[in-house]
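Let us take a friendly walk through this model, one part at a time. Keep the structure open beside you as you read.

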Amino acid sequence: MPASPSTARAINDRLALRLLQQEGPLTAGQLKQLTGLSRPTVADLVERLTAAGLIAVVGESGEQRRGPNARLYGIVADRAHLAALDVRTEGVSVVVSDLLGAELARASVPIADDTGTGPAVEQAVALVEHAAKEAGAERLHTVGIGAPGLIDPATGELRDSSGLPEWHRRLVAALQERLPARVTVENETNLAALAEQRDGAARDRDTFVLLWLGHGTGAAVVLDGRLRRGASGGTGEIGFLPVPGTSALPSATDCEGGFHSLAGSAAIARLAREHGLVAAGPAHEPPAATLVRAAAATPDAPRSARFLDALADRLAIGAAAVVAVLDPGCVVLAGEVGQAGGDALAARVEERLVRMSPLPAEVRASTLGGDAVLRGALLTARDGAQDELFGPSPR
C-alpha cells in the first residue's frame with residue numbers, strides 16, 4: 001500500500017536530515033539531486049524542518065545566481081545536547097556534545113575504592129552537571145552510559161553484579177532523578193564494539209568479535225551487523241571462560257581461574273615482570289597497557305619479543321575459543337592493552353590462530369583504545385536523540 005501523506009512527509013524529512021548529517025550543509029538544489037524528490041517537495045520539507053527548528057540557513061553556495069536555491073541549509077547542532085559516560089570501578093569520564101556529536105566539554109573524576117556509595121554517586125552526578133554547564137548546555141536531551149557488568153535485556157538496566165561497586169547501579173537512577181534527560185546504559189564492551197564498527201578498526205566488517213583488554217577482559221559479538229547480547233545479556237563474558245594454564249576454575253561469582261587470569265591487566269603486568277620489562281605511564285592507564293606499548297615499540301628486542309610472544313600465546317587461547325564457536329572472520333584486540341599492542345601483537349595472535357583453527361580469522365588492533373567506550377556511548381546517545389527529534393524511522 002502507498003504511504004499516507006503524513007508518513008511520506010516523515011520519510012522525506014528523515015532522509016533529508018540524514019543527508020545533511022552525512023554530507024554537511026546542502027542547498028535545496030543539492031537536496032533535490034540527492035533525494036530524487038521534486039522541487040516543490042524539497043521546498044516543503046525545507047520549510048517544515050526550518051519551522052521545527054531542526055535546520056537553518058548557515059550560508060550560501062558559491063553559485064553566481066543568488067536566491068533560495070543558493071542558500072545552504074544545515075542541522076541546528078545546538079537543538080539538543082548529549083552526554084556520554086564511561087563508568088569504571090576507579091572513576092568516571094564524561095563527554096558533552098551537540099546533536100551532531102561535536103565535543104563541547106570533557107572531564108573525569110577518580111573515585112577511590114573506599115568512597116561510600118552516596119558520595120561516589122554525588123561526585124559522578126556533579127561531574128556531569130559541571131561538564132554540561134561548561135558546554136553551555138542548559139539541559140541534556142540524552143545521556144548514554146557505558147559500564148561494566150550485565151545489562152538486563154528485558155529492562156535495559158544494569159544488573160547487580162558481584163565485584164562491582166554499588167554506586168554503579170545507583171548512578172543511573174540518580175542521573176534520571178537529577179537530570180531532565182533520557183538516560184540509557186549499555187555494557188562497556190558492547191559500546192566499544194559499536195564505536196570500532198562505526199569509526200574504528202571494524203568499519204568494513206558486519207561480523208566480528210571485539211576482545212576487550214583493559215583492567216579486565218570481555219568480548220562483544222557483532223553478527224550480520226547486529227550486536228548480540230544473549231538470553232541474559234551476558235554474551236561475551238569471556239573472563240569466565242575456563243582455559244588451560246590457570247591454577248583453578250572460575251566460579252559463578254569469581255572469574256579468577258578463567259581467561260581473566262591470563263589476560264587481565266594484573267596478569268599481563270606479572271607476565272611482563274617475568275620477562276624483565278619495566279615501564280612508567282600515566283596514572284589513569286592500566287599498567288599492562290604501558291608495558292605492552294613499550295614492548296610493541298621495540299618488537300624485535302629480545303625481551304620485548306619474548307614477552308609479546310608469551311602474551312600472544314595467552315590471548316590466542318581465548319580468541320581461538322571464540323573463533324571456533326562463532327566463526328566471526330575478524331577479531332579486534334581492543335581496550336587500552338589491545339591498542340597498545342598494535343600490529344605487533346595482533347600479527348602474533350593471528351599467526352597462532354592460523355595454527356590452532358581451520359577457520360580463517362583476521363586479527364586487528366583497535367584504533368580507538370580506551371576512548372572506544374565513550375565514543376560508543378556518545379554514538380548511542382546521538383542516535384537515540386536523532387531518532388526522537390528527526391521523527392519516526394521509515395519501515
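Does D13 count as buried or exposed, judged by its relative accessibility? Before the answer, please note that this is a predicted model. D13 is found in helix α1, so a good way to start is to pick out that helix, residues 5-23. The relative accessibility of D13 is 10%. Because buried means under 20% relative accessible area, D13 counts as buried. Which residues does D13 touch, once its neighbours within four places in sequence are set aside? The contacts of D13 are then with L45, R48 and L49.

Stay with helix α1 a little longer, and look for helix α12, which covers residues 372-389. The axes of α1 and α12 come within 11 Å, and they cross at roughly 145 degrees. This crossing of α1 and α12 is right-handed. To see where the two helices meet, find R14, R18 and Q21 in α1; their counterparts in α12 are R382, Q386 and D387.

Now step back to the whole chain. The protein chain has 12 helices and 12 strands. Its C-alpha trace spans about 75 × 50 × 45 Å along the principal axes. For 395 residues, a compact globule would have a radius of gyration near 21 Å, and the 24 Å of this protein chain agrees with that. Of the 395 residues, 51% count as buried. Contacts tell a further part of the story: among those in the protein chain with a separation of 6 or more, 63% are between residues 24 or more positions apart. As for the outside, the accessible surface of the protein chain is about 18,200 Å², and carbon and sulfur atoms hold 51% of it.

Next, turn to a sheet. Five strands form an open sheet in the order β5-β4-β3-β6-β7, and their pairing is mixed. Why do β5 (103-110) and β7 (182-187) each have one side without a neighbour in the sheet? Both stand at the edges with a single partner strand each, so one side of each is left free of a neighbouring strand. On average, neighbouring strands of this sheet are turned by 15 degrees against each other, direction ignored.

Within the sheet, follow β3 (residues 81-88) and β4 (residues 91-98), which run antiparallel and are joined by eight bridges. One pairing to look for is that of L85, whose bridge partner in β4 is V94. Helix α6, residues 188-199, lies across β3, β6 (142-147) and β7. Relative to β7, helix α6 runs at about 95 degrees.

Finally, visit two loops. In the loop between β9 (217-223) and β10 (226-228) you will find D224. The phi of D224 is near 55 degrees, a positive value in a residue other than glycine. Another such residue is D327, with phi near 50 degrees, again positive and not in a glycine. D327 has its place in the loop between α10 (302-326) and β11 (330-334). How much of each is open to the surroundings? D224 has a relative accessible area of 61%, so it is exposed. D327 has a relative accessible area of 40%, so it is partly exposed.

Technical notes:
Residues numbered from 1 in each chain as written. Predicted model: local features only at pLDDT ≥ 70, side-chain atom pairs only at ≥ 80, totals over all residues. Heavy atoms only, no water. Pairing = 2+ DSSP bridges. Helix = DSSP H or I, 4+ residues; strand = E, 2+ residues; numbered from the N terminus. Axes fitted to C-alpha atoms, helices over the stretch in contact; angles between N-to-C directions. Contact = heavy atoms within 4.5 Å. Rg over C-alpha atoms; globule rule 2.2 N^0.38 Å. Buried < 20%, exposed > 50% of the residue type's maximum accessible area, 1.4 Å probe, protein only. Areas by Shrake-Rupley, 256 points an atom, 1.4 Å probe, with all protein chains shown as cover. Left-handed = near helix turned anticlockwise from the far one by under 90°.
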